[in-house]
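Here is a short briefing for a first look at this structure. Keep the sequence and the 3D view open as you read.

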Amino acid sequence: MRATARAQPNIALIKYWGKRDSGLNLPAVGSISITLESLFTEMRVGFEPGLERDRLTVDGDEAADLLPRLSRCLDVLIGLDREHALIDSRSNFPIAAGLASSSSSFAALTLAAAKAAGLGLDRRQLARMAGRASGSAARSMYGGFVELSNHADRIELECLLDRDTWPLSVVVAITTDSPKPVGSSEAMEISRRTSPFYGRWLETQQDDIDACRAAIGSRDFERLAATAEHNCLKMHSVMWASRPPLVYWNHATLECMRCVRALQADGVAVFFTIDAGPQLKAVCLPEHTARVREALEATSGVVDLRITGLGAGATLVDPH
Ligand code: DP6
């Protein structure tokens, strides 16, 4: 009745923004991501007969405000007649600040809870269940380069390339660790309802996915860089044109973009991507990691940096 799982966040190179069914949390578009290695969330889940309600601690502190979404995830996965759960969550990076913590959290929660409840689901079923809780979490079930594709009534996941075949480095520039002002789910709905660019976003997504998949297949860094930056800026344009506008960047985000542009002009193989938060993720070839790190470290407004390679998918952790 107890299990622990660990999952790494993933960073989308081709972004998921918008839902076609909020009830089932089905995305409006496919996406492609890389799973990270050294950032992680660990979830311990125990179903305790006699417990009167679910309880959650995050990094040791009771976190009642985050609990409803996790309880819903367990209800969908196991059923409403389940025992209540004790959930203990630990992450080695700031949560809710645009560092993709929901991807690692819901992947780890789904894997641990399915094991604790003895459900016997395979990885693709686990990924679909994690996706019901948070779209990006489905991708964290897999390692390396991962494509999430949309089908009539479901999502499919595929590892396009494993992490050893094309090792890339990611330098995460943290510009603030405060929580983001509007959560992704709510923000996506605002964009869907109000952004004049939303329709074009949907129409052009498949071209970006195809270009990105081809770049990964041929390990063409330049093409990957151009496609990922374009898709990221297109998503932010959809956000900026929403009403109310969704602007997640701060001055340091822009400074970091300028820094990456300067590195590129200097021949460094690096590109940036930014999610629903002010942190910038610089993706580079491993031999350029030190250079990218130094440059971002010296950038005004950067408060912390994380360096990571690409990771494997979510795993169960042996009880100590
Ligand atoms: C900008 O997976 O957090 O990071 O399904 O509503 O939980 P929900 O959304 P979530 O959205 C991630 C949005 C993004 C892009 C991406 O990761 O693809």
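The points below cover the ligand and its surroundings, then one buried residue, then one helix.

This is a predicted model. In it, 18 residues surround the ligand. The protein buries 94% of the 460 Å² that the ligand exposes when taken alone.

**Around the ligand**

- The closest residues are Tyr 16, Lys 19, Gly 135, Ser 136 and Ser 185.
- The shell divides into 6 nonpolar, 7 polar and 5 charged residues.
- Helix H4, residues 184-194, gives the most to this shell, with 3 residues.

**Polar contacts to ligand oxygen atoms**

- Tyr 16 places a polar side-chain atom 2.6 Å from an oxygen atom of the ligand.
- Ser 134 has a side-chain N or O atom 2.7 Å from a ligand oxygen atom.
- Gly 135 uses its backbone instead: an N or O atom there lies 2.7 Å from an oxygen atom of the ligand.

**Gln 205**

- Gln 205 sits in helix H5, which covers residues 198-217.
- Its relative accessible area is 2%, so Gln 205 counts as buried, the cut-off being under 20%.
- Leaving out residues up to four places away in sequence, Gln 205 touches Ile 14, Lys 15, Val 29, Gly 30 and Asn 231.

**Helix H6**

- Helix H6 holds 20 residues, 221-240.
- At 1.5 Å a residue, H6 should span 28 Å, and its end C-alpha atoms are 28 Å apart, so the two values agree.
- Asp 220 caps the N-terminal end of H6. A side-chain oxygen of Asp 220 lies 3.3 Å from the backbone nitrogen of Glu 222.

Key. Residues numbered from 1 in each chain as written. Predicted model: local features only at pLDDT ≥ 70, side-chain atom pairs only at ≥ 80, totals over all residues. Heavy atoms only, no water. Helix = DSSP H or I, 4+ residues; strand = E, 2+ residues; numbered from the N terminus. Expected span 1.5 Å × (residues − 1). Polar contact = N/O pair within 3.5 Å; in protein donor to acceptor, adjacent residues only side chain to side chain. Buried < 20%, exposed > 50% of the residue type's maximum accessible area, 1.4 Å probe, protein only. Contact = heavy atoms within 4.5 Å. Near = heavy atom within 4 Å. Areas by Shrake-Rupley, 256 points an atom, 1.4 Å probe, with all protein chains shown as cover. Nonpolar A, V, L, I, M, F, W, Y, C, P; charged D, E, K, R; others polar.
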